[in-house]
Amino acid sequence: DVKPSGEIAAGFSLNQNYPNPFNPATKIDYTVAQAGRVTIRVYNVLGEEVATLLNEELQRGAYQAVFDASRMASGVYYYKMTAGSFTETKKMILVK
């Protein structure tokens with residue numbers, strides 16, 4: 001469900017990346033329920049942070065991040081969104 005730009009977000013959400021598995025880039029849709037700092041970070045299977053996709057103040061609404069993993073090894077990665085008290089983590093697979 002990709003929300004049209006400008007639609008009011010009813011809550012925080014982090015959607016599954018698309019496509020998944022992916023190579024070399026994937027899109028991550030997410031919504032922000034209230035203005036504030038939002039971060040989306042990518043971790044490897046060891047829990048080490050390998051990328052920061054977003055770390056900024058956002059207004060309420062629907063957004064999309066693109067993760068370019070062209071310099072990363074094939075494997076399983078996790079992406080985590082944090083906004084206020086909301087935290088959600090999803091799994092994605094990079095296949096080269």
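## A nonpolar surface patch

On the surface, Val45, Leu46 and Tyr78 come together as a nonpolar patch, and their combined accessible area amounts to about 320 Å². The model described here is a predicted one, and the values that follow are computed from it.

Within this patch, Tyr78 belongs to strand β6, which covers residues 75-83. Tyr78 is partly exposed, its relative accessible area being 31%; because membership of a patch requires a relative accessible area of over 30%, Tyr78 meets that condition with its value of 31%.

## An open three-stranded sheet

Strands β1, β2 and β5 make up an open sheet of 3 strands, arranged in the order β1-β2-β5 and paired in the antiparallel sense. The edges are taken by β1 (13-14) and β5 (61-68), and since each of these has a single partner strand, one side of each is left without a neighbour in the sheet.

Between β1 and β2 the antiparallel pairing extends over 2 bridges, and Ser13 is placed opposite Thr31 of β2.

## A buried acidic residue in β2

Strand β2, which spans residues 25-32, also contains Asp29. Asp29 is buried but takes part in no salt bridge, and the nearest side chain of opposite charge, that of Lys27, lies 7.9 Å away; a salt bridge would require the charged atoms to be within 4 Å.

What joins the side chains of Asp29 and Gln64? The link between these two side chains is a polar contact of 2.8 Å.

Conventions: Residues numbered from 1 in each chain as written. Predicted model: local features only at pLDDT ≥ 70, side-chain atom pairs only at ≥ 80, totals over all residues. Heavy atoms only, no water. Helix = DSSP H or I, 4+ residues; strand = E, 2+ residues; numbered from the N terminus. Buried < 20%, exposed > 50% of the residue type's maximum accessible area, 1.4 Å probe, protein only. Lys, Arg positive; Asp, Glu negative; His and termini not counted. Polar contact = N/O pair within 3.5 Å; in protein donor to acceptor, adjacent residues only side chain to side chain. Pairing = 2+ DSSP bridges. Patch = residues over 30% accessible without salt bridge, like charges linked within 9 Å, V, L, I, M, F, W, Y side chains within 5 Å. Areas by Shrake-Rupley, 256 points an atom, 1.4 Å probe, with all protein chains shown as cover.
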